[in-house]
Amino acid sequence: MSQLIEVKVPDIGDFSEVPVIDLFVKVGDSIKVDDAIATLESDKATMDVPSTAAGVVKEVLVQVGSKVGEGSLLIKVEAGEAAAAAPAPAAAAPAPAAAPAAAPAAGGALVEVKVPDIGDFSEVPVIDLFVKVGDTIKVDDAIATLESDKATMDVPSTVSGIVKEVLVQVGSKVGEGSLLIKVESGAAAPAAAAPAPAPTVNTENSQKTASTVQTAPAAAPASLPAAQPQTLGLGAKVHASPSVRAYARELGVDLSKVAATGPKGRIVKEDLTKYVKGVLSGAISGPVAAGGGISGGGTLDLLPWPKVDFSKFGEIEVKPLSRIKKISGQNLSRNWVMIPAVTYHEDADITDLEAFRVQLNKENEKGGGAKLTMLAFLVKACVKALQKFPEFNASLDGDNLVLKKYFNIGFAADTPNGLVVPVIKNADQKSVFEIAQESGDLAKQARDGKLKPADMSGACFTISSLGGIGGTYFAPIVNAPEVAILGVNKSAMKPVWDGKQFVPRLTLPLSLTADHRVIDGALATRFNVYVAQLLADFRRVAL
Ligand code: CAO
């Protein structure tokens with residue numbers, strides 16, 4: 001039998017009218033125990049109220065801006081049979097006694113800021129630190145975020161002044177009374193707050209998590225060794241709830257870069273989502289990791305994509321990119337940015353091969369078989385070269401090179417909707433005729449939009465042939481995780497010196513782009529020369 005469980009605001013100390021500043025659930029949501037329901041903000045602290053029940057949200061009884069206090073009903077959850085229903089939250093444990101009054105901060109005095117009463121927890125890790133030596137802080141600025149099993153809480157400062165010592169670092173385990181920082185409270189800075197309020201978040205059963213803040217007498221001994229001051233990605237002046245901070249950490253977002261729209265300059269979840277969408281669309285310049293698999297790389301501090309109102313200059317028409325163009329665009333961008341690619345050029349003498357191809361096609365016309373294409377010969381020559389140079393038939397996987405014993409060749413196909421790469425599987429086991437037939441079929445399916453994902457996966461190496469269109473040379477982009485791609489342009493008759501005279505030879509321009517992490521220039525050139533030799537005398541393929 002399912003039952004409705006009420007989730008209420010637990011004991012939050014002396015506060016009775018605390019605003020809800022963020023709400024994370026809506027009717028119909030499935031939630032688990034400990035999922036954040038809402039963020040409340042008192043004068044002194046921000047706290048997430050986690051759910052104590054698992055199930056489906058049936059009613060939400062507050063909204064952003066609602067004022068709540070201990071016992072206010074937040075949501076009703078239907079705990080199904082399968083759902084692990086936690087006992088209804090009795091805002092059970094009595095609120096911890098208010099912290100002792102702060103010692104008044106004299107001008108220029110060093111004031112110690114310690115971890116307040118955080119309930120039953122003694123070894124809670126610091127997961128974020130927002131201050132460093134030399135920072136000027138105000139009362140209420142977040143010093144650190146602590147994370148217990150049940151809640152995440154920001155510890156705000158109760159004193160204004162200049163941070164003189166930071167005695168913890170990210171990862172330090174702290175408990176009530178652990179010294180966090182020492183602050184020189186200047187004459188100009190407001191003195192430390194009067195008795196610190198005790199905003200307490202009781203989570204479930206009798207477990208309580210308090211974020212009471214107190215300023216202790218300056219003489220209190222430091223309980224942790226002094227840590228080196230550190231610069232952190234998350235700025236000291238960022239205002240965000242613990243759950244938004246946790247979300248930002250998960251996404252790797254530096255909150256100091258996010259524009260806040262919440263009350264009192266607070267960053268809310270929507271701000272974070274908007275920022276991430278902006279970075280992904282290129283509208284906002286964000287940090288782009290610059291080394292897939294390479295740790296310690298820098299970031300590309302790119303300018304935002306230019307926003308131009310083109311209609312100011314003349315008539316325009318806006319046409320959305322096709323799905324294929326969007327997907328291939330993302331792949332090409334990644335491959336362009338992440339692969340240190342070099343393109344090597346070579347000319348292949350295909351005079352005899354072209355004559356042979358034309359001759360075979362003439363003979364074949366009578367039989368009605370598939371037309372032999374230059375692409376089919378190229379596939380066969382590339383397989384032979386991959387067998388001779390196995391590093392080309394490989395993929396990078398971290399510090400390992402995965403060498404493949406199969407020979408699947410992709411070929412770029414231009415379609416009305418964009419570029420796709422169908423794959424001829426096990427090309428080593430197929431004749432030139434079979435490859436011609438199969439590539440023709442795949443190219444037709446590509447143009448008709450009928451390729452299945454399996455038809456486009458598993459390639460070891462790609463050929464991009466623009467020969468039917470024209471061009472001399474180009475620099476194709478490696479189709480990751482492959483390590484090389486062969487670009488081909490239109491063959492042309494060229495005068496070639498044979499030692500005695502210039503003779504006309506049909507010359508095919510080859511452009512091989514290779515990932516320099518795997519293939520250096522000498523190897524790439526050997527590969528190119530070998531492909532050219534095979535094409536110049538195709539009998540070599542049979543050897
Ligand atoms: N040099 C000279 N002529 C060539 C040639 C070359 N390298 N390759 C092909 N041709 C000629 C053929 O002889 C044929 O001519 P005829 O019609 O007179 O017989 C014509 O071009 C068509 O050739 P084909 O039937 O072999 O097909 P194709 O070369 O066009 O290749 C395919 C098929 C799927 C590779 C091609 O249609 C395609 O999509 N190419 C574009 C690939 C691409 O966009 N690459 C860029 C990726 S990076 O942006």
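Me: Strand β21 (residues 394-397) and strand β22 (residues 400-403) appear side by side in the structure. In which sense do β21 and β22 pair, and over how many bridges?

Reply: Please keep in mind that this model is predicted. To read a strand pair, one looks for the direction of the two strands and for the bridges that link them. Here β21 and β22 pair in the antiparallel sense over 4 bridges. One residue of β21 can serve as an example: the bridge partner of Ser395 in β22 is Val402.

Me: What do β21 and β22 form, and how many residues lie between them?

Reply: For such a pair, one next examines the turn. β21 and β22 form a hairpin, with 2 residues between them. In that turn, Gly398 has a positive phi of about 60 degrees.

Me: How should I read a sheet of 4 strands, and in what order do the strands stand?

Reply: One lists the strands by their place in the sheet and then looks at the edges. The order here is β1-β8-β6-β3, in an open sheet with antiparallel pairing. β1 (3-8) and β3 (30-31) stand at the edges; each has a single partner strand, so one side of each is left without a neighbour in the sheet. For β3, the antiparallel link to β6 (residues 55-60) is made by 2 bridges. Within this link, Ser30 has Val56 of β6 as its bridge partner.

Me: Turning to a single residue, is Ser172 buried or exposed?

Reply: The relative accessible area decides this, and buried means under 20%. Ser172 has a value of 15% and is therefore buried. Ser172 lies in the loop between β14 (161-166) and β15 (173-174). Leaving aside residues up to four places away in sequence, Ser172 touches Val124, Pro125 and Val126. In addition, a polar atom of the Ser172 side chain lies 2.9 Å from the backbone nitrogen of Gln169.

Me: Which residues come nearest to the ligand?

Reply: One begins with the shell of residues around the molecule. There are 18 residues around the ligand, and Asp414, Ser464, Ser465, Asn489 and Ser491 come nearest. By kind, the shell divides into 7 nonpolar, 7 polar and 4 charged residues.

Me: Where do nitrogen atoms of the ligand approach the backbone?

Reply: Three residues may be inspected in turn. A ligand nitrogen is 3.0 Å from a polar backbone atom of Ser465, and a backbone N or O atom of Asn489 also lies 3.0 Å from a ligand nitrogen. For Gly467, the distance from a polar backbone atom to a nitrogen of the ligand is 3.5 Å. Taken alone, the ligand exposes 960 Å², of which the protein buries 65%. The elements giving two or more residues to the shell are β24 (413-415) and β27 (461-465).

Key. Residues are numbered from 1 along each chain as its sequence is written. This is a predicted model: local features need pLDDT of at least 70, side-chain atom pairs count only at pLDDT 80 or more; totals for chains, interfaces and linings use all residues. Side-chain values use heavy atoms; hydrogens and water are left out. Buried means under 20% relative accessible area, exposed over 50%, partly exposed in between (1.4 Å probe, protein chains only). A polar contact is a pair of N or O atoms within 3.5 Å; within protein, one must be able to donate a hydrogen and the other to accept it, and residues adjacent in sequence count only if both atoms are side-chain atoms. Contact means heavy atoms within 4.5 Å. A residue is near a molecule or strand if one of its heavy atoms lies within 4 Å of it. Accessible areas come from the Shrake-Rupley method with a 1.4 Å probe; for residues, only the protein chains shown count as cover. Ala, Val, Leu, Ile, Met, Phe, Trp, Tyr, Cys and Pro count as nonpolar, Asp, Glu, Lys and Arg as charged, and the others, Gly among them, as polar. Two strands pair if DSSP finds at least two bridges between them.
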